[in-house]
Amino acid sequence: MVDLDGTLVLGNSFHEFLGRLWQHGGFAARRALLAIAIRRALSRGVRARQLMKHRVVKLYSRLDPTRAEAVLVATVDACLAQISAPVLSLVRSRADAGWRVVVASAAPAAYTEVLAARLGFDACLASPMTSDRPDDELIGERKAAAVRAWLGEEGTTSAGGSVPLMVVSDHRDDLPLMALADEVALQGSAGERAAIEAQLRQPVAFSLDPLEMQADGGLWLWFDDRPSGPHDIWEVTTILSKHRYALLYAGEGMWQRVLPGSSLAAGVQRSSFPRPPSMRQRVGIVARRRIVRDRLGIFH
């Protein structure tokens with residue numbers, strides 16, 4: 001069982017879904033998204049978050065087919081660009097060994113099922129969120145219950161049954177699911193591993209750290225709100241000659257603004273994509289581009 005956000009996808013797939021819904025959904029969808037955002041800002045708690053996700057998915061379900069397809073394709077493409085190489089390698093090695101591999105996520109099924117199919121998973125357990133019940137989000141105990149039901153259909157109902165269960169996750173929200181597992185793999189740092197192990201009956205089998213040092217590869221950029229890499233110095237220089245609004249990966253999960261002619265000494269060589277920039281950085285650099293370049297016409 002593989003979690004999606006922060007595990008298989010290094011970023012937040014729902015944020016990608018929101019961004020693509022804003023981009024491709026049309027004026028009416030943008031107006032509705034603003035209303036949803038205002039209601040969310042005025043509310044607090046788990047229930048408010050679930051209601052927000054439910055309203056967004058319902059909004060998506062009402063789009064005309066052409067716009068809905070554009071949102072779906074763009075969301076899946078954005079998530080595929082942020083796949084964790086260590087997690088995907090683990091999944092494929094287990095699949096090659098005859099295991100059934102399953103995505104189990106609180107993310108909406110609207111795009112999660114498509115993404116899982118694109119990556120070759122055997123099944124996908126995700127939040128439907130299209131009914132009249134916003135609390136059908138698969139998180140915590142609900143996700144564990146969904147997995148137990150799926151395991152029952154597959155011939156086992158608990159850890160240690162006839163089908164061994166591995167859980168791959170990055171967050172303590174999945175502790176109820178990890179409690180069912182014969183083996184737990186964690187995507188995260190040593191500190192995150194220790195915090196989760198303290199609440200488990202068994203130690204984490206191993207950690208997959210997307211920020212660990214890599215001896216080869218190239219530099220990574222973030223521009224046009226998506227990752228690009230690995231690149232050598234000359235490729236980066238060429239890209240920056242056309243994209244002034246870019247971030248350079250500088251190691252330890254940190255990204256920094258980079259301009260044409262800037263020193264690239266802070267760049268870290270990697271063969272696989274690290275965690276994405278913070279949402280604050282992403283929004284900031286997109287806003288600068290939209291205002292300075294697109295609205296004011298200042299290109300240099």
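Which residues does Phe17 touch, not counting residues up to four places away in sequence? In this predicted model, the contacts of Phe17 are with Val56, Val57, Tyr60, Val71, Thr75 and Tyr111. Phe17 also belongs to the largest nonpolar core, which has 42 residues. Leu8, Phe17, Val56, Phe121 and Val168 are the members with the most contacts inside that core. A second core, separate from this one, comprises 22 residues, among them Leu151, Leu165, Leu177 and Val204. In soluble globular proteins, nonpolar side chains tend to be buried together.

The helices come next, beginning with H2. Helix H2 spans residues 27–41, 15 residues in total, and its first and last C-alpha atoms lie 21 Å apart, close to the 21 Å expected at 1.5 Å a residue. Its buried residues are Ala29, Leu33 and Ile36. These three cover an arc of only 60° around the axis, which means that they lie on the same side of H2. An α-helix has 3.6 residues a turn, so residues three or four places apart point the same way. The other side of H2 carries the exposed residues Phe27, Arg31 and Ile38. The buried residues of H2 pack against two helices, H1 (13–24) and H3 (46–61).

An open sheet lies further along the chain. Three strands make up this sheet in the order S3-S4-S5, and their pairing is parallel. Strands S3 (166–169) and S5 (206–208) occupy the edges; each has a single partner strand, so one side of each is left without a neighbour in the sheet. From one strand to the next, the twist averages 20°. Strand S4, residues 183–187, is joined to S5 by three bridges, and the two strands run parallel. Within this pairing, Gln187 has Leu208 of S5 as its bridge partner.

Two helices pack on this sheet. Helix H5 (residues 85–96) touches S3, S4 and S5, and its direction makes about 125° with that of S5. Helix H9 (residues 190–197) touches S4 and S5, with its direction at about 145° to that of S4. Helix H5 also contains Pro86. At 22% relative accessibility, Pro86 counts as partly exposed. Between Pro86 and Gly26, which are 60 residues apart along the chain, the C-alpha separation is 37 Å.

Antiparallel pairing is found among later strands. Strands of a sheet pair through backbone hydrogen bonds, either parallel or antiparallel. Strand S6 (219–223) is mostly covered, with five of its five residues buried. Leu219, Leu221 and Phe223 point one way from the strand, whereas Trp220 and Trp222 point the other way. Residues pointing in either direction from S6 are thus buried.

Strand S6 has antiparallel pairings with S7 and S8. Four bridges link S6 to S7 in the antiparallel sense, and the bridge partner of Leu219 in S7 is His231. Three bridges join S6 to S8, again with the strands running antiparallel. In that pairing, Phe223 stands opposite Ala246 in S8.

Which residue takes a positive phi in the hairpin of S6 and S7? In this hairpin, which has two residues between the strands, Asp224 takes a positive phi near 55°. Asp224 is a residue other than glycine, placed in the loop between S6 and S7. Its relative accessibility is 39%, and Asp224 therefore counts as partly exposed.

Strand S7 (residues 226–231) contains Pro230. The peptide bond that joins Gly229 and Pro230 is cis, with omega about -5°.

A positive phi is also found at Glu252, where the value is near 55° in a residue other than glycine. Glu252 lies in the loop between strand S8 (246–249) and strand S9 (255–258). With a relative accessible area of 63%, Glu252 is exposed.

Technical notes:
Residues numbered from 1 in each chain as written. Predicted model: local features only at pLDDT ≥ 70, side-chain atom pairs only at ≥ 80, totals over all residues. Heavy atoms only, no water. Pairing = 2+ DSSP bridges. Axes fitted to C-alpha atoms, helices over the stretch in contact; angles between N-to-C directions. Contact = heavy atoms within 4.5 Å. Buried < 20%, exposed > 50% of the residue type's maximum accessible area, 1.4 Å probe, protein only. Core = buried A, V, L, I, M, F, W, Y, C linked by side-chain atoms within 4.5 Å. Expected span 1.5 Å × (residues − 1). Arc of directions from axis to C-beta.
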